[in-house]
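Please find below my notes on this model, set out as numbered points. They are meant to be read beside the sequence and the coordinates.

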Amino acid sequence: MNTWTIFKRELTSYFTQLTAYAVIVIFGLLSVGLAFTFGSFWRYEDASLSYSFFWWHPLLLMILAPAVTMRLWSDEHRTGTIELLGTMPVSMGSAILGKFFASAFVWLIALALTFPIVVSVNWLGDPDNWTIFSGYLGSFIVCCTFLAISSLVSAFTRDQVVALIVSVAICFILTFCGIDPVINEVRRSGSAETVNLLSTLGVYSHFLDATRGLIRLPSLIYFIGLISVCLVGTNLVLKSQRA
Amino acid sequence: MIEVKDLKKQFGQKVAVDNLSFSVKKGEVLGFLGPNGAGKSTTMRMVTGFLPVTAGEIEICGISMIGSPTEAKRKIGYLPESAPLYNDMTVRGFLRFCASMQGLKGAARATAVDEAIETCFLESVASQSIDTLSKGYRHRTCLAQSLLHNPEVLVLDEPTDGLDPNQKSEVRKLIKRLGEDRAILFSTHILEEVSAACTRAVIVDQGNIVADGTPDELEKQGGGSLSELFRKVTSQESPAA
Ligand SMILES: Nc1ncnc2c1ncn2[C@@H]1O[C@H](COP(=O)(O)OP(=O)(O)OP(=O)(O)O)[C@@H](O)[C@H]1O
Ligand SMILES: [Mg+2]
């Protein structure tokens with residue numbers, strides 16, 4: 001109930017402050033644009049969209065997701081409205097969830113509005129639409145993970161710029177420690193365990209499975225675990241700041 | 001209705017509030033006076049459940065703020081010192097949001113919002129965006145927010161700060177009127193407000209209560225003037241903030 005009230009307020013504010021439009025337009029243009037240029041959409045006839053379209057998503061999200069969420073708690077601290085929230089008869093947990101769901105919903109819209117590319121592949125050929133759907137699912141859950149991370153980071157500071165830089169850095173590490181070029185480099189010098197460890201810790205191996213239509217339990221545990229840890233962490237940080 | 005016993009708050013090594021005890025009964029308006037940094041806002045933040053206490057007891061209408069904070073918070077209307085607001089909302093939208101957070105729905109919510117707008121003279125700005133409001137109107141919007149759910153206990157941190165003289169006297173009258181069937185705790189730096197609105201006042205200095213009584217009693221203690229007493233009982237050098 002209170003989660004819903006906060007969700008509505010946050011969502012409205014994403015649209016009145018134009019953040020939502022910026023995200024939707026920029027993500028739409030970049031993701032589709034990359035697919036048709038560097039993604040070599042035409043050359044590979046990649047009907048599952050796995051390499052041409054989805055491959056770029058973590059790279060875009062690691063910057064754009066924290067940009068949406070950087071003000072989540074830092075603004076609340078800076079303007080003092082946290083004092084209103086903290087004295088209303090609601091738990092901090094419902095506020096954290098409401099805010100998280102609102103930012104996730106903005107991204108759901110942004111992802112959904114890239115549908116023209118799905119229409120194109122269906123028109124050009126005969127793709128496996130389940131695989132495409134699972135790719136979107138993977139993309140969304142990576143996005144939620146990045147949002148949860150930046151929610152936690154923004155709880156630490158009242159400075160949005162610091163929140164943005166630190167969250168992007170963390171998302172960058174999570175993205176790059178599992179990406180192919182890095183893994184190949186490590187494979188040449190390091191042990192097999194290191195390679196395994198890196199690809200398990202990074203988001204890419206989990207994400208790429210999803211874009212191939214494989215939604216595996218360990219991956220789900222990885223993402224949902226990470227999200228839960230970050231959201232619970234947000235609660236702890238907000239609490240400890242008032243002690 | 002507000003019972004505070006041996007309240008203590010420590011920030012690191014610094015003791016902001018030290019063994020403070022007081023109570024406010026129904027029908028009482030307690031004025032909270034004291035120099036800057038005395039610990040007034042910190043006390044109010046603990047009473048409203050925003051800051052956890054280092055030690056001590058707080059009861060609101062018989063409900064412990066430490067044991068069951070959500071139930072206790074339901075009884076309180078709170079105006080924070082800086083009058084924080086969500087700048088991207090309109091006045092009415094903000095009040096509607098706060099009313100929902102207080103558990104009001106449908107027609108009850110609409111009436112509550114309209115009443116609060118009327119009580120705080122916000123009709124002219126009701127559909128204006130909050131980031132374009134003047135300071136006084138911002139303050140009144142935040143005050144309106146504290147009245148929405150018709151709380152039995154009001155905690156107001158400098159409610160007349162930033163208001164014009166007309167509004168100051170309106171708010172004093174409002175506090176006096178509301179205080180007839182509620183318990184109100186409010187802080188101020190304007191000593192005239194004590195005799196204008198309070199039934200009782202305490203002076204706090206460095207986290208301790210140094211004077212306590214009805215406005216008349218306090219004036220007598222100060223030899224006829226409240227500001228004399230204030231100067232006498234508070235340390236001239238306020239601690240570095
Ligand atoms: N979060 C905090 N961390 C450390 N010290 C704090 C914190 N909040 C308040 N203090 C300290 O506690 C003391 C009491 O502050 P408080 O805001 O309660 O004063 P006040 O009586 O409201 O003063 P004013 O009249 O200026 O509003 C001050 O010395 C202040 O520096
Ligand atoms: Mg204060």
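1. The structure is a predicted model, and its nonpolar surface patch is a good place to begin. This patch is formed by A:W130, A:F133, A:L137, A:I215, A:L217, A:L220, A:I221 and A:I224, which together have about 770 Å² of accessible area. Helices α9 (129-156) and α14 (217-241) of chain A each supply at least two of the patch residues, and the largest share, 4 residues, comes from α14(A). One residue of the patch, A:I224, lies in helix α14 of chain A and, at 46% relative accessibility, counts as partly exposed.

2. A negative surface patch is found on chain B, where B:E3, B:D6, B:E57 and B:E59 make it up. Strands β1 (2-11) and β4 (55-60) of chain B each contribute at least two residues to this negative patch. B:E59 is placed in strand β4 of chain B, and with a relative accessible area of 33% it is partly exposed.

3. The magnesium ion (ligand 2) has as its protein donors B:S41, through OG, and B:E81, through OE, at 1.9 to 2.2 Å from the ion. These two residues link distant parts of the chain, since B:S41 belongs to helix α1 (residues 40-47) of chain B while B:E81 sits in the loop between β6 (76-79) and α3 (91-101) of chain B, 40 residues apart. B:S41 counts as buried at 12% relative accessibility, whereas B:E81, with a relative accessible area of 31%, is partly exposed.

4. Over all chains, a search of the whole structure gives 16 salt bridges. One of them joins the side chains of B:D114 and B:R92, at 2.9 Å from N to O. Because B:D114 lies in helix α4 (residues 106-119) of chain B and B:R92 in helix α3 of chain B, this pair ties together parts that are 22 residues apart in sequence. B:D114 is partly exposed at 40% relative accessibility, and B:R92 is partly exposed at 28%.

5. In another salt bridge, the closest N and O atoms of B:E193 and B:R172 are 3.3 Å apart. B:E193 lies in helix α7 (residues 192-197) of chain B and B:R172 in helix α6 (residues 165-178) of chain B, so the pair connects parts that are 21 residues apart in sequence. Both B:E193 and B:R172 are buried.

6. B:D181 and B:R182 also form a salt bridge, with their closest N and O atoms 3.3 Å apart. Here B:D181 is partly exposed, at 46% relative accessibility, while B:R182 is buried, at 11%.

7. Finally, a network of salt bridges links A:R9, A:E10, A:R71, A:D75, A:E76, A:R78, A:K99 and B:D88.

Key. Residues numbered from 1 in each chain as written. Chains lettered and ligands numbered in written order. Predicted model: local features only at pLDDT ≥ 70, side-chain atom pairs only at ≥ 80, totals over all residues. Heavy atoms only, no water. Donors = N, O, S within 2.8 Å, 3.2 Å for Na, K, Ca; no water. Buried < 20%, exposed > 50% of the residue type's maximum accessible area, 1.4 Å probe, protein only. Patch = residues over 30% accessible without salt bridge, like charges linked within 9 Å, V, L, I, M, F, W, Y side chains within 5 Å. Areas by Shrake-Rupley, 256 points an atom, 1.4 Å probe, with all protein chains shown as cover. Salt bridge = Lys/Arg side-chain N within 4 Å of Asp/Glu carboxyl O. Lys, Arg positive; Asp, Glu negative; His and termini not counted. Charge placed at Lys NZ, Arg CZ, Asp CG, Glu CD.
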